[in-house]
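Me: Could you take a close look at one part of this model for me? I'd like to hear about the packing inside, the cysteines that sit there, and a helix pair.

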Amino acid sequence: MSDLLTVCWKEVRELLHQSGSVGRTLRNLAFMLAVFGVFLPWEFGRALVDSPAALLPWVWVPFMLVSGVVADSFAGERERHTLETLLASRLPDDAILLGKVITAALYGWGFALVSAAIGLATVNVTHAEGTLLLYPPELLVGLVVFGLLGSLLMATAGVLVSLRAATTRQAAQTLSLAIVGLLFVPIVALQLLPGTVRLALVRFVAGLDMPLTASLAAIGLIAADMVLLGLALARFRRASLLLD
Amino acid sequence: MRRGATRGVRRPGLPLDSAGRTADRGPGAVHRPSVREAALSAELAISTAGLRRDFGALRAVDALDLAVPAGSVFGFLGPNGSGKTTTIRLLLGLLEPTAGVATVLGHDVRRDGARVRERCGALLEHPGLYERLSAADNLEFVGRAWRLPATERLRRMERLLEPLGLWERRHEIVGTWSRGMKQKLAVARALLTAPDLVFLDEPTAGLDPVAAAALRDDLASLARREGVTVFLTTHNLAEAEKLCDLVGVIRRGRLLSVAPPRDIRTSVGASRLVVTGRGLDAALDPVRAQPLVAAASLADGRLTVELDDGADGSGIVALLVGQGVAIDEVRRGSADLEEAFLALMAETADEARPGDPGGGEADAGIARPAEPARPSDGEPMARSDEAFGARPGPARDGEAGGAPVTVRGSRP
């Protein structure tokens, strides 16, 4: 646990300095929080708490943030010639790997939760009209659970890619392609389906037991996280990382 | 030489006794079980026996037998691509050996790589510093990784950074520093955890001469003060000569020799006599006619005599005096380490194997044909009046160190 925290400590320090200095990094984060916590909620208004679809940006944000960080995890160390020194340390394999995954996932998840909280405050200030607006419980749970699982999925997938990528840019491109494929291929495929099939599909989804479906989706995500983490651990071989 | 260091020249491939000393059984000696036993000895900081690492068809390290005594500064010399970095990676358990056995601080690197890394510090090919972080953060990370308590981390940081002149600047971002400062910080990082053994892979590479000399001084004093065993790879021969108790020369993955730098030097120039004085012209032919003289030449008022192996120079001095030469100075030839190194490289140049690591770039860069010895590099032996006075013959360089000389040629 101590080793894991040490790696997390180092990753957080690096994250804070990713824009050159802590001040600049915090300014960039503040700008993003202003967009996702103030501007968008202001635009959405009450829909933010009434419609689940309005929360999609907050599920999407962790993916983007995590992919940016995690692409750098090993490829960046390799590029900056710090990987070999890290591997020559006494830190065990799992601490190095999990430290990077956890830091990236918490970064994305934390940002999503903080921006959702600020967003709620924003709509209460701008659109409450005397009432206290709150996220419906199922929406809040969905945001917390799927935000975390989504961030973890992105972090483990990202580490897996970054382990073998020669450069951060290469890792980031691969991850971007994966994200685009994951999100846009189903949308395009849906558009290509005949109208009747599409309608039947929509009816099927609408008729689903949402809590059960969400639970199954969460279990699926957990399984995917575990598989990707297992693959990353299996791929983490000091000799291979050096020779790559 | 400091604690535990073993004197003497070891012919690579020969068995070692339990203290890491050579058990020279002659040129025909081959691997015996005692090599493995010695390799597992905990008295040595590093011992390897028949260590080999292949990358496909490429043999990066070939049958490496090393014995590095605890507390010594061991220099691993070789041209680029000769297998130095691969050897360090093998010794740190970062790479799996293809064959052979390696023990570091009593731990088998195959089985206990993690334990080896726990007890070692390393400055590898690159400084490996997190350039976006401050110097203090870089060291803090290493201190935490080795689980040093907070007060101890700070104490060690100050102890190491203060003499390097970096303590006051520890909160600066490392990326803004000069290369020399980064190298110093990387050295401090390698020593932060008070390791039993530290690997330094070409620590002064890429530095300007002034920065390199400063770092070399710092390294020497830090290593001495910390009492740590140092395994230093370099192709800077002056560096090896200044810092190392023992030097191993490697080429194309094969160990050519292991000896104190002084012995390696004398192994090349030991049979040379350099005489300066007046009236040498007339003595040249009589000297050439001597049975133990392989060659003699006269240039710039300096007579250089190449003696057969084992020949004593006192007879030549007596002859010169008899010929009426007014001798100013007699020097027993002693090449510098560079000359010795080049000679070792040249000796094995003919053994080049296609596809060997370092066969191209390395040879082009370093292993050019050996230049003629520079007589001025020889150690002053005696003034003329002493030369044929109380001492019947010149003292050998090698004898001064109390060690046998001559380690040349490839491992049998």
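Reply: Here is a walk through the nonpolar core, then the cysteines, then a helix crossing and one threonine.

Keep in mind that this is a predicted model. The largest nonpolar core has 139 residues. The members that touch the most other members are Ile46(B), Leu92(B), Val104(B), Leu185(B), Phe199(B) and Phe231(B). Chain A has a part in this core too: helix H7 of chain A, residues 93–127, gives it 10 residues, the largest share. There is also a second, separate core of 19 residues, with Val317(B), Leu320(B), Val325(B) and Val330(B) among them.

Let's zoom in on Leu92(B). If you skip the neighbours within four places in sequence, Leu92(B) is in contact with Ala88(A) from the other chain. On its own chain, Leu92(B) meets Gly113(B), Val116(B), Arg117(B), Cys120(B), Ala122(B), Leu124(B) and Phe199(B). Phe199(B) is another of the residues that touch the most other core members.

Cys120(B), one of those contacts of Leu92(B), may catch your eye if you think about disulfides. The structure holds zero of them over all chains. Why is Cys244(B) not bonded to Cys120(B)? The two sulfurs are 17 Å apart, and a disulfide needs them within 2.5 Å, so that is too far for a bond. For Cys120(B), the sulfur of Cys244(B) is the nearest cysteine sulfur. Both cysteines are tucked away: Cys120(B) counts as buried because its relative accessibility is 2%, and Cys244(B) counts as buried at 7%.

Now for the helix pair in chain B. Helix H5 (residues 150–164) and helix H7 (residues 209–226) have axes that come within 10 Å and cross at roughly 145°. That crossing is right-handed. From H5(B), the residues involved are Arg156(B), Arg159(B), Leu160(B), Pro163(B) and Leu164(B). Facing them from H7(B) are Asp218(B), Leu222(B), Arg225(B) and Glu226(B). Sorted by type, the contact has four nonpolar residues, five charged and no polar ones.

Last stop, back in chain A: Thr122(A) lies in helix H7 of chain A, the helix with the largest share of the main core. Thr122(A) counts as buried because its relative accessibility is 10%, and the cut-off for buried is under 20%. Leaving out residues up to four places away in sequence, Thr122(A) touches Gly37(A), Val38(A), Pro41(A) and Trp42(A).

Methods
Residues numbered from 1 in each chain as written. Chains lettered and ligands numbered in written order. Predicted model: local features only at pLDDT ≥ 70, side-chain atom pairs only at ≥ 80, totals over all residues. Heavy atoms only, no water. Core = buried A, V, L, I, M, F, W, Y, C linked by side-chain atoms within 4.5 Å. Buried < 20%, exposed > 50% of the residue type's maximum accessible area, 1.4 Å probe, protein only. Helix = DSSP H or I, 4+ residues; strand = E, 2+ residues; numbered from the N terminus. Contact = heavy atoms within 4.5 Å. Axes fitted to C-alpha atoms, helices over the stretch in contact; angles between N-to-C directions. Left-handed = near helix turned anticlockwise from the far one by under 90°. Nonpolar A, V, L, I, M, F, W, Y, C, P; charged D, E, K, R; others polar.
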